[in-house]
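Thanks for coming. I will take a few minutes to go through one structure, from the whole chain down to a couple of single residues. Please have a look at it while I talk.

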Amino acid sequence: MALKDLDTNIIEFKNIQKKFKKVQALHDVTFTINKGEIFGYIGPNGAGKTTTLKILVGLIQDFQGEVRINGELLLDQKKISRLIGYLPQEVGFQQWRTVNHALRTFGLLSGVKREELSLKISEILEFVGLKDAQDRKIKHLSGGMKQKLKLAQALIHNPPILVLDEPMSGLDPTSRWQMRNIIRALAEKDITIIFSSHILGDVETIADRIGILHQGKIVKLGKPEELQEELTSGERVEIIGKKLGAKIKQIKQLDYVSDVLYSKDNPSHLTIIMNADFGISSALQKLLKFFVNQEIEIRNFNYMKPSLEEVYLKYVAGGNSQ
């Protein structure tokens, strides 16, 4: 990934409150996004992700709090439109149009000069992998191709910020892989990206930082690796080796081990639950030393780092705050 300007907050949400009739959609949402960063925004359905993104792009203006871009309050819709490219969950493409025709219309609406538009469309279609489909009607595109077209319309005016609402939703594994690569390539161009998703594996793969939203509140912010490291309780080590079955009782008695899981049918394959009171690095070193001293032949030693899904479930199910 590109080096990020960690000292430059290009986007700032401050004490955002939004209510729909009697439903409080957002509660005091506050966070920043750095220039050139890929920010993953995750949470259950109805948590308020899309509401947050619509506030950022100016589609919802009746809210409390402040949203700033480059330190300036979001007040001028035309300026917002110039700065931000938006990929909503649904784009009202007219199915009879060709890819080229649709992008030409979006380009003119976005203020791209007519004389520059053909070259711009050609460059964007090449970038997103739709060059060969430029004369195809939208109704004949696959789901993955339509998603790329939605991204292309968000990029048509060369914005420094991209807001992507569920960009990988409904895509097959190949199309998701392609979309992830496109998002990474955009970040390499120093474009700032905030995207929502319910596909945690995609978020974990490409996001520089993550915000977890639950019941309209930010419950956790951080880098994926930082959030995973916080889940010290229950960290596991998978071990396969000779004579392990005879040592299970001794392993359980180690002060840096909480428990040992195994099948009686296969006692040479253990899952060791580490004690949360010990640092994982120190505990792993002690465990390896134990095996050496016991002259146990280890065939496989695999530290099973907590997944983003486990982090997500901890904060969403537990309701912990940052």
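This is a predicted model, so let me begin with confidence. The mean pLDDT of the chain is 87, and 94% of the residues reach 70 or more. One stretch to treat separately is residues 1-6, where the pLDDT is below 50. Beyond near neighbours in sequence, that stretch makes 14 contacts in the model.

Now the overall picture. The C-alpha trace spans about 75 × 45 × 35 Å along its principal axes. There are 11 helices and 14 strands in the chain. Of its 322 residues, 46% count as buried. If you take the contacts between residues at least 6 apart in sequence, 68% of them join residues at least 24 apart.

The chain is divided into two domains: domain 1 covers 9-229, and domain 2 covers 232-304. Between the C-alpha centres of domain 1 and domain 2 the distance is 44 Å.

Next, the sheet. In what order do the six strands of the open sheet run? The order is 6-7-8-3-9-10, with mixed pairing. Strand 6, residues 84-87, and strand 10, residues 217-222, are at the edges. Each of these two has a single partner strand, so one side of each is left without a neighbour in the sheet. From one strand to the next the twist averages 15°.

As a reminder, strands of a sheet pair through backbone hydrogen bonds, either parallel or antiparallel. Take strand 7, residues 161-165, and strand 8, residues 192-196: they pair in the parallel sense, over five bridges. One of the positions to look at is Ile161, whose bridge partner in strand 8 is Thr192.

On to helix 1, residues 49-57. This helix lies across strands 3, 6, 7, 8 and 9, and runs at about 150° to strand 7. Is helix 1 enclosed or open? Seven of its nine residues are buried, so helix 1 is largely enclosed by the rest of the structure. The buried ones are Lys49, Thr51, Thr52, Leu53, Ile55, Leu56 and Val57. Just after the helix comes Gly58, with a positive phi of about 90°.

Two of those helix residues come up again with Lys18, which is in strand 1, residues 5-20. Leaving aside neighbours within four places in sequence, Lys18 is in contact with Thr51 and Ile55, and also with Val23, Gln24, Ala25, Leu26, Ile60, Asp62 and Phe63. Is Lys18 buried or exposed? Its relative accessibility is 6%, so Lys18 counts as buried. What does its side chain find there? A polar atom of the Lys18 side chain lies 2.8 Å from the backbone oxygen of Asp62.

The other charged residue I want to show is Asp202, in helix 7, residues 200-206. Asp202 is buried too, with a relative accessible area of 1%. Which residues does Asp202 touch, not counting those up to four places away in sequence? They are Met168, Arg176 and Arg180. With Arg176 there is a side-chain to side-chain polar contact of 2.9 Å.

To recap the two buried residues: Lys18 has its polar partner in the backbone of Asp62, and Asp202 has a polar contact with the side chain of Arg176. That is what I have; questions are welcome.

Terms used. Residues are numbered from 1 along each chain as its sequence is written. This is a predicted model: local features need pLDDT of at least 70, side-chain atom pairs count only at pLDDT 80 or more; totals for chains, interfaces and linings use all residues. Side-chain values use heavy atoms; hydrogens and water are left out. Two strands pair if DSSP finds at least two bridges between them. Helices (H or I, at least four residues) and strands (E, at least two) are DSSP runs, numbered from the N terminus. Axes are lines fitted to C-alpha atoms, for helices over the stretch in contact, and angles run from 0 to 180 degrees between N-to-C directions. Contact means heavy atoms within 4.5 Å. Domain bounds come from an automatic or database domain assignment. pLDDT is the predictor's confidence in each residue, from 0 to 100. Buried means under 20% relative accessible area, exposed over 50%, partly exposed in between (1.4 Å probe, protein chains only). A polar contact is a pair of N or O atoms within 3.5 Å; within protein, one must be able to donate a hydrogen and the other to accept it, and residues adjacent in sequence count only if both atoms are side-chain atoms.
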